[in-house]
Amino acid sequence: MVLRLIERTAVLLVSLAVSSVLVFAFMAVLPGDPARVALGVNASDEAVAELRRQFGLDRSLSTQYFDWLGGLLQGDFGTSYVSKAAIGPQIFDRFQVTLWLVVVAMVVALVIAAPAGTVMAARHRRLSGLALSALSQVGVAVPAFLAGILLIMLFAVKLGWLPANGWTPPAEDPGMFLRQLILPALSLGLVQGAVLTRYVRSAVLDVLREDYLRTARAKGLRPFPALWRHGLRNAAVPVVTVLGLQLATLLIGAVVVERVFVIPGLGSLLLDGVSNRDLLLVQDVVMVLVIAVLVVNFLVDLLYVALDPRLRVGSR
Amino acid sequence: MKSYPTRAVALAAAGLLALTACSAGSGSSSNSSPGADQALSIGLVAEPASLDFTTTDGAAIPQALLGNVYNGLVKQDETGKIVPDLAKSWTVSPDRKLYTFTLVDNAKFTNGAAFTSADAVFSIDRVKKNWTTSLKAAMDVVQTAKAVSPTELQVTLSKPSNDWLFRMTTRIGAMFSQTGVDKLATDPVGTGPYKFGTWKRGDSIVLQRNDDYWGTKPFFNQVTLKYFKDPTALNNALLTGTINVIGTVQAPEALSQFTSNDKYQVIEGTTNGEVLLSFNNSQPVFKDIRVRQAIRQAIDHKALLDTCFAGRGKLIGSMVPPTDPWYEDLTSVAPYDQAKAKAALQAAGATGKTLRLRLPTLPYATSCGQVVKSQLEQVGLKVTIDQLEFPAAWLTTVLKNADYDMSIIAHVEPRDLGAVFNAKYYTRYDDPTLQGLLAAADAGDEATQVSEMKKAARRISEQAAADWLFLLPNLVVADKNLTGLPQNAITESFDLSRLARS
């Protein structure tokens, strides 16, 4: 158990170090000069060179990397090339927005997938199970942004029930916050829910074939109570794995959905940064996303252990 | 066991519906009804990267701030005429080198300081000393700026220049407070009808009415500029009442949903945005005037405009929009004639040559590029299209390195004929005759300026220094009861001061 924890932590730290090098290297080879973008179409070469100096882009790559890494370790994300504002607070603000979106979408996905997948598995030879199965296939095929556009057309433009886009912080106006959150969270959650449903279905199907469940049924429990009491925990292990991976997909998927719904989250910050060649900002945002994904995977690893006692007996 | 999974779904669904239903009821009054709260929300496309246009380029910053937060000494009215702003009047000496401005005496900056000629001197000198964007070059011609009295300013030029006064209507001429330039990127200080309120990055900028404004106070006490990257999201925001105005329509094919709805008004006018099919005049193939002219004649501009901009916009035939005093319709210089174009290319030995059309990733460039390609291939050229990410990749590859044969981009700066067609710019157009005409226009009196600029516009059209696909239209959609919206968008600012609700 302890050994496993140490091993996982080491893997996490090494992954973080390697990815910081990769992120930095990608930014360094990205075509387009941030100083030239800031100065516009008629800028002289001298002016561009001067601005490069101000941005610190004339330093050697290794100096730039270690300065950046050193700052990160102290929680200093640096100052944006373009807006001249500190990057840390911006990322913090935007990350909260994206976090709301991702967490609520995850809840939507779970609320759909857990029951639907179970029903599909339990009735996999019957019409209702097949119909649900077909429906989930459609859901898997629809990209989140398309789901978003369709939801906007129906619920905002046609019916006028919900706002088409925008974002209000929950502290400012909770009612408006919820109304604006519903459609984007649904468009992310429905699609992820459809994917997750497939995994829940196969996990539950596996469990249904197990001897202990047959025993439970033989004791006289009806199908669903038997599954609820004896099957769910066993089915949860593969589902949690997928959930962790999906959280990463959701974070990235949020970039596109934020664009469709005009939500000032991490994704829109990233896109703006890319087009303005605000490289330090892009580097920081990507690094934060990488950290988030790696940490989630780390936690999922730990969660296995909690779910499955067999993993606690360290054969590895 | 308490709840079965199926029941949980039903409950969640019911909860969601209840939330939707009740909040739809309570939210319906949040749209401002006429005269209720005097606030306005305008949807725009590009968000500023910073609020400091002295060090960061890009049209979005002056669009939000110039004329609204900042005033200049002079400004341009809707017809293109130069009219007073902070300068009540001005005179020009007979040798056209000394400008004497009489300034208003009641203007105040939003930091409390009074505006005087010392601020004007400070602002003009600051362009030369502290600005970093390339636009600052327009101030090079100024020799000295002197405060004669608090309301009298004298500016001496090193040579006569009509262009200088015109540039003073742009962001170059913005007046800054001597005590208010510390935080230009986040906290601009000006004398305008609005003062800067808040900036929610990635979302909106809020401007508040400046109750100490020296001129006519604006109708709305608060204007929100909301930024939308996605044109569909922008349209939806107006359709659902989140905003009251679409400042610039990006996708003209989507206009029909507004023209057919009597809740909205659609305003169509002109801009300074000439959409150029640029030629790299330093490439051997473009050194032959027959090739350049043939390309112009091979393109059916009317059909192109219909296909790639829904027929909105204007055919111009040179680098001058209709609002400039020296505008002439030059579309007849190179009329559409495929047979002639084919023959000319044959004679020049260019038939079968491959040209690289390197496009920025902008919707109009992408769709016009396809039309240009197919029309040029009909007369015997081969065209390969490259998409370059805009702005970064395009700026470096095409604009800086001139590594291209042809490109398509809208040049939106006002009076930019001389800036675009010279040997140093990416057009690599080296033409002493044109430079002579431009110099004479800049140095002469107003009549000379008009006549020489007409010759210059004709010169580049006849020389086929590029092809002018069309002039971008100014397309604004707004709630029906809004007044004071500008017909033409020919200045750098989105003028909020005259907007009102009837």
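Which residue stands opposite B:Thr144 in strand 7 of chain B? In this predicted model, B:Thr144 faces B:Thr156 of that strand. The pair belongs to an open sheet of chain B, and the description below begins with that sheet before turning to the domains, the chain contact and the nonpolar core.

The sheet is built from 4 strands in the order 4-5-7-6, with antiparallel pairing. Strand 4 (87-92) and strand 6 of chain B each have a single partner strand and stand at the edges, so one side of each is left without a neighbour in the sheet. From one strand to the next, the twist averages 20 degrees.

Strand 7 (residues 152-157) of chain B has pairing partners in strand 5 and strand 6. With strand 5 (residues 98-103), the antiparallel pairing runs over 5 bridges, and B:Thr102 has B:Glu152 of strand 7 as its bridge partner. With strand 6 (residues 142-149), the antiparallel pairing runs over 6 bridges, and B:Lys146 is bridged to B:Gln154 of strand 7. Strands 6 and 7 of chain B also form a hairpin, with 2 residues between them.

The side chains of strand 7 of chain B alternate between two faces. B:Leu153, B:Val155 and B:Leu157 point to one face and are buried. B:Glu152, B:Gln154 and B:Thr156 point to the other face and are not buried. B:Glu152, the bridge partner of B:Thr102, and B:Gln154, the bridge partner of B:Lys146, are thus both among the residues of strand 7 that are not buried. Helix 3 (residues 117-130) of chain B lies across strands 5, 6 and 7 of chain B, running at about 170 degrees to strand 6.

Chain B is divided into domain 1 (2-189 + 480-501) and domain 2 (271-474). The C-alpha centres of these two domains of chain B lie 31 Å apart. Their contact takes 13 residues from domain 1 and 13 residues from domain 2. On the side of domain 1 that touches domain 2, there are 5 nonpolar, 6 polar and 2 charged residues.

The contact between the chains takes 44 residues from chain B and 54 residues from chain A. On the chain B side, helix 1 (5-27), helix 5 (231-239) and helix 12 (392-400) each supply at least two residues. Helix 1 of chain B gives the most to this side, with 11 residues. By class, the chain B side divides into 20 nonpolar, 17 polar and 7 charged residues.

The largest nonpolar core holds 213 residues. Those touching the most other members are A:Ala105, A:Leu188, A:Val285, B:Cys368, B:Ile408 and B:Ala456. Helix 5 (residues 87-122) of chain A gives the most to this core, with 16 residues. Both domain 1 and domain 2 of chain B give residues to the core, so it lies between them. For A:Leu188, leaving aside neighbours within four places in sequence, the contacts are A:Leu101, A:Ala105, A:Ala144, A:Leu250, A:Gly253, A:Ala254 and A:Val257. One of these contacts, A:Ala105, is itself listed with A:Leu188 among the core residues that touch the most other members.

Technical notes. Residues numbered from 1 in each chain as written. Chains lettered and ligands numbered in written order. Predicted model: local features only at pLDDT ≥ 70, side-chain atom pairs only at ≥ 80, totals over all residues. Core = buried A, V, L, I, M, F, W, Y, C linked by C-beta atoms within 7 Å. Buried ≥ 20, exposed ≤ 12 C-beta atoms within 10 Å, placed from the backbone. Domains from an automatic or database assignment. Contact = placed C-beta atoms within 7 Å. Nonpolar A, V, L, I, M, F, W, Y, C, P; charged D, E, K, R; others polar. Pairing = 2+ DSSP bridges. Axes fitted to C-alpha atoms, helices over the stretch in contact; angles between N-to-C directions.
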